[in-house]
Amino acid sequence: MKMKPLALALHGPHQAIVSSCPIYVLHPSRSKSLLHNRRFSRVFCSSVPSQIMEGKDPKPEYKPGILDDFFLNAFRNKLVQEVGWDSEKPGYDGLIELAKALMTNSRSNSHTKDAAVRILKSLFPPFLLELYKILIAPIDGGKVAAMMVARVTVLTCQWLMGTCSVNSVDLPDATSCNSGVFVERCKYLEESKCVGICINTCKLPTQSFFNDYMGVPLVMEPNFSDYSCQFKFGIHPPLLENEVALNEPCLDICPIASKRREIQRSEDVMKCPKA
C-alpha cells in the first residue's frame, strides 16, 4: 500500500487540534477511484501550542541592543553594593536573585523602597538630576520633561522590562500627551514571580524617584493578569492608602503562594504578604 505525506496547515479562531497521530482522508476528486483501488493519503496533524488554543498572543520577544549588557551590569553592580553580596548566577538570573535578596533582607517594605530609590539615584550624575528638575521639568507645564523621559525609558530599559513603546496618555488637564510607556509583558515581574517585588523594588521606588529627583510625576499601572504595565509620566500617583496594587493577591506562578494555598485551602484570594 503506497502512502504519500501531505502538510496540513489549519487557521481560525475555533481550531482545536490535540492529536499528533496520523489521519487518513480521501481526496474528494478521486473518491470513487480510491475506493476501488483502496488508495489513501496520510495527513499529519500536530498539536496546537497552548497560546494559540487559549487565544493568547505569543510572548513578545525583545532583541537585545548593543548597550544592554552595559545597562544590566551597571544596575546589577549597584544592587550588589546595596545588598552586600553578589549572586553566583550569571546575567539576568543573578539580578533577579539580588532583587529578591533586597526584598527579603529589608526590615520593612518602606526600607526596600528607599534602598531601590538609592540605587536608581546612583545611576545618574547628581548634577544631571538637579539640572533636569530645575531647567526641563517646568517647561510647558511638565509635558516636555514627561515626553523626554518616556522616550529615554524605551531606549534604555527594554533589557529590564522587555518590549515596550511610547503611547499617548490622558492628562489631568483634559489633554493628551505622548508621555506614556506601555510594557507588553514585563520580564522583571515574570521572572521574579512576585507581586511584592514588583511593587516595592520597582513600582513605588520608580514613581518616587522620578517625582522627587527629576520633577516628573509618574504613575505605574502593572497588570498582574497578563504582566503588562502602563507608565504614565506627567500624572501623580494615588495616595498610598488608595493604591489598589497593594491589595493584589499573589501570582499563580509564585512558589511561596502555592505553599500558602496548600495550608490555607479555605482562602480563594490571598493578599501578597510582601506587598
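**Ala174 is an exposed loop residue.** The relative accessible area of Ala174 is 75%, and this makes the residue exposed (over 50%; buried is under 20%, partly exposed lies in between; 1.4 Å probe, protein chains only). The model is predicted: local features need pLDDT of at least 70, side-chain atom pairs pLDDT 80 or more, while totals for chains, interfaces and linings use all residues. Residues are numbered from 1 along each chain as its sequence is written, and side-chain values use heavy atoms, without hydrogens and water. Ala174 sits in the loop between strand S4 (164-170) and strand S5 (176-183). Helices (H or I, at least four residues) and strands (E, at least two) are DSSP runs, numbered from the N terminus. What is the sign of phi at Ala174? Phi is positive, near 75°, although the residue is not glycine.

**Asp140 also carries a positive phi.** The angle is near 50°, again in a residue other than glycine. Asp140 belongs to the loop between H6 and H7. With a relative accessible area of 53%, Asp140 is exposed.

**A nonpolar patch lies on the surface.** Leu123, Phe124, Phe127, Leu128, Leu131, Ile134 and Leu135 make the patch, with an area of about 660 Å². Patch members have over 30% relative accessible area and no salt bridge; nonpolar side chains (Val, Leu, Ile, Met, Phe, Trp, Tyr) are joined within 5 Å, like charges within 9 Å. Leu135 is placed in helix H6 (residues 126-136). Its relative accessibility is 53%, so Leu135 counts as exposed. Over the whole chain, the accessible surface comes to about 16800 Å² (Shrake-Rupley, 1.4 Å probe). Carbon and sulfur atoms hold 57% of that surface.

**The largest pocket offers about 800 Å³ of space.** There are 31 lining residues. Leu120, Leu123, Phe124, Thr156 and Cys157 come closest to the pocket centre. Helix H3 (68-83), H5, H6, helix H7 (143-161) and H9 each give two or more residues to the lining. Which element gives the largest share? H7 does, with 9 residues. A pocket is an open set of points on a 1 Å grid over the protein atoms alone, with protein on both sides within 12 Å along at least five of seven lines; lining residues have an atom within 4 Å of a point. Leu123 and Phe124 also belong to the nonpolar patch.

**The largest cavity has a volume of about 70 Å³.** The count is 1 cavity of 30 Å³ or more. In a cavity a 1.4 Å probe fits but cannot get out. Met161, Cys186, Tyr188, Leu189, Cys198, Cys202, Lys203, Met220, Pro222, Cys229 and Phe231 form the lining. Helix H8 (187-192), helix H9 (195-213), strand S6 (218-222) and strand S7 (229-233) supply at least two residues each. H9 gives the most, with 3 residues.

**Glu243 and Lys203 form a salt bridge.** Their closest N and O atoms are 3.3 Å apart, inside the 4 Å limit set between a side-chain nitrogen of Lys or Arg and a carboxyl oxygen of Asp or Glu. Glu243 lies in the loop between S7 and helix H10 (255-263) and Lys203 in helix H9, so the pair ties together parts 40 residues apart in sequence. Are the partners buried or exposed? Glu243 is buried, with a relative accessible area of 8%. Lys203 is buried at 1% relative accessibility. Lys203 also lines the largest cavity.

**Glu221 and Lys232 meet in a salt bridge of 3.4 Å, N to O.** Glu221 is in strand S6 and Lys232 in strand S7, so the pair links parts 11 residues apart in sequence. Glu221 counts as partly exposed at 37% relative accessibility. Lys232 is partly exposed too, with a relative accessible area of 22%.

**Arg185 pairs with Glu190.** The closest N and O atoms of this salt bridge are 3.1 Å apart. Arg185 is partly exposed, at 27% relative accessible area. Glu190 is buried, at 15%. The whole structure holds 7 salt bridges.

**Thr112 is buried in helix H5 (residues 109-122).** Its relative accessibility is 0%. Beyond neighbours within four places in sequence, Thr112 contacts Leu102, Met103, Ser106, Asn200 and Thr201 (heavy atoms within 4.5 Å). Of the 275 residues of the chain, 36% count as buried. The chain has 10 helices and 7 strands. Among contacts with a separation of 6 or more, 55% join residues 24 or more positions apart.

Definitions and conventions:
Points joined across faces, edges and corners; volume = space filled by probe spheres on them.
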